[in-house]
Amino acid sequence: MPTRNNSCYQMPGVHCGFRVTPSVGLVAEPLGLCQSPGLICVLRWIPKLSTSPKPEGVPAKRGAGTMGAWISRTRVPTPEPDPQEVLDLSRLPPELLLLVLSHVPPRTLLMHCRRVCRAWRALVDGQALWLLLLARDHSAAGRALLTLARRCLPPAHEDTPCPLGQFCALRPLGRNLISNPCGQEGLRKWMVRHGGDGWVVEKNRKPVPGAPSQTCFVTSFSWCRKKQVVDLVEKGLWPELLDSGGVEIAVSDWWGARHDSGCKYRLFVTLLDAHQNVIDKFSAVPDPIEQWNNDIYLQVTHVFSGIRRGIRFVSFEHWGQDTQFWAGHYGARVTNSSVIIRVCQS
């Protein structure tokens, strides 16, 4: 909201003012094409209501010659502004308009503000707006990301949204890119191969730290396999960033057993290029968990650093089965699988 300083109204973050007379007020109303909360699109001047005695229709105090009756209320119409007194944001200098738009959420910029006019579309499709958004993160990770982004900016294409916009909207760094990591949505998003009596989802017998859901995938008496392939570009990472050598990929998986049955487990993670060719890989084949194990859970982790150019996909696959060969679901229990991309801290 504008603040008043003597007879001058000023917008926060804007180094200019609007001088008015004591009988005039400043009113902000949103532009019809952009319905983003907090975005002021039109500023207009309207006269203040007079402080003269109350006009007809305004209720008087109860009991003042009315015998306790209520007088009907009538709304006083607001005078229409002069069309010449309307100021829209398109009249602002591009640098100032860029500053205003940088306070709008990224998804709103892409879905609404980009459609307002050609000038706004050019700003949203450019790189300057998104670099301004990234510069607001003053943490060590934020500063490292900004430096890396400036070093490997994506090429500009006419009439095409800048990949930085999708990056800011999806925020792929530092979060788990595996969908449905704990089975909270059943087997959705996983490519499964059933063995024995197949995969099922059960509640954890012991809590797994940091898991978004205390559920797990359970295997059977023969090898059960499931895989998920993460499309890094679809998640919001642009190719020049992936090829910069400035990011690393951390993978993790939790596996365990029932207290009354031993189990076997395997993990295979491969980094693939755009044609699904293997660029790098990691595998883990730990020793089996023995029977009577107190519902133990173990974690497998690995970090891919010094990544070669061309990475576009991460294939995450794990196997499990029990060691007793019992019918039902007594095999390895896997949960909280994760693939996290992060900026290398130098």
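Here, a residue counts as buried when its relative accessible area is under 20%. Keep that cut-off handy for the exercises below, and bear in mind that this is a predicted model.

**Exercise 1: Get your bearings**

Work out what secondary structure the protein chain holds and what share of its residues is buried.

*Solution.* Start by counting elements: the chain has seven helices and 16 strands. Next, look at cover: 42% of the 346 residues are buried. Then turn to the surface, where the chain exposes about 19,600 Å², with 54% of that coming from carbon and sulfur atoms. Last, check how far apart in sequence the touching residues are. Among contacts with a separation of 6 or more, 73% join residues 24 or more positions apart.

**Exercise 2: Walk across a sheet**

Find the order of the strands in the open sheet of five strands, and say which strands sit at the edges.

*Solution.* Going across, you meet E7-E10-E15-E12-E13, and the pairing is antiparallel. The edges are E7 (191-193) and E13 (278-284), since each of these pairs on one side only. From one strand to the next, the twist averages 15°.

Now take the pairs. At one end, E7 and E10 (residues 224-231) share three bridges, and Met191 has Lys227 in E10 as its bridge partner. Further along, E12 and E15 (residues 313-322) are joined by 10 bridges, with Tyr265 standing opposite Gly320 in E15. Finally, E12 and E13 pair over six bridges, and there Leu271 faces Asp280 in E13.

**Exercise 3: Zoom in on strand E12**

Decide how many residues of strand E12 are buried, then follow the chain into E13.

*Solution.* E12 covers residues 263-272, and seven of its 10 residues are buried, so by the under-20% cut-off the strand is mostly covered. Carry on along the chain and you come to a hairpin: five residues lie between E12 and E13. In that turn, Gln276 has a positive phi of about 70°.

**Exercise 4: A residue in a loop**

Is Asn204 buried or exposed, and what does its side chain touch?

*Solution.* First place the residue: Asn204 lies in the loop between E8 (200-203) and E9 (215-218). Then apply the cut-off: its relative accessible area is 14%, which is under 20%, so Asn204 is buried. Next, look for polar partners of the side chain. One is the side chain of Gln214, at 2.8 Å, and another is the side chain of Tyr297, at 3.0 Å. Beyond its neighbours within four places in sequence, Asn204 also has contacts that include Ser213, Cys216 and Thr335.

**Exercise 5: What helix H3 packs against**

Which residues of helix H3 are buried, and which helices do they pack against?

*Solution.* H3 spans residues 118-125, and its buried residues are Trp120, Leu123, Val124 and Asp125. Follow them outward and you reach three partners: H1 (94-101), H2 (106-111) and H4 (128-134).

**Exercise 6: Hunt for disulfides**

How many disulfides does the whole structure contain?

*Solution.* The search comes back with zero. Try Cys117 as a test: the nearest cysteine sulfur belongs to Cys113 and is 9.9 Å away. A disulfide needs two cysteine sulfur atoms within 2.5 Å, so Cys117 is in none. Cys117 is partly exposed, at 30% relative accessibility. Now try Cys162, which is in no disulfide either: the nearest cysteine sulfur, that of Cys168, is 8.4 Å away. Cys162 is buried, with a relative accessible area of 7%.

Terms used:
Residues numbered from 1 in each chain as written. Predicted model: local features only at pLDDT ≥ 70, side-chain atom pairs only at ≥ 80, totals over all residues. Heavy atoms only, no water. Helix = DSSP H or I, 4+ residues; strand = E, 2+ residues; numbered from the N terminus. Buried < 20%, exposed > 50% of the residue type's maximum accessible area, 1.4 Å probe, protein only. Contact = heavy atoms within 4.5 Å. Areas by Shrake-Rupley, 256 points an atom, 1.4 Å probe, with all protein chains shown as cover. Pairing = 2+ DSSP bridges. Axes fitted to C-alpha atoms, helices over the stretch in contact; angles between N-to-C directions. Polar contact = N/O pair within 3.5 Å; in protein donor to acceptor, adjacent residues only side chain to side chain.
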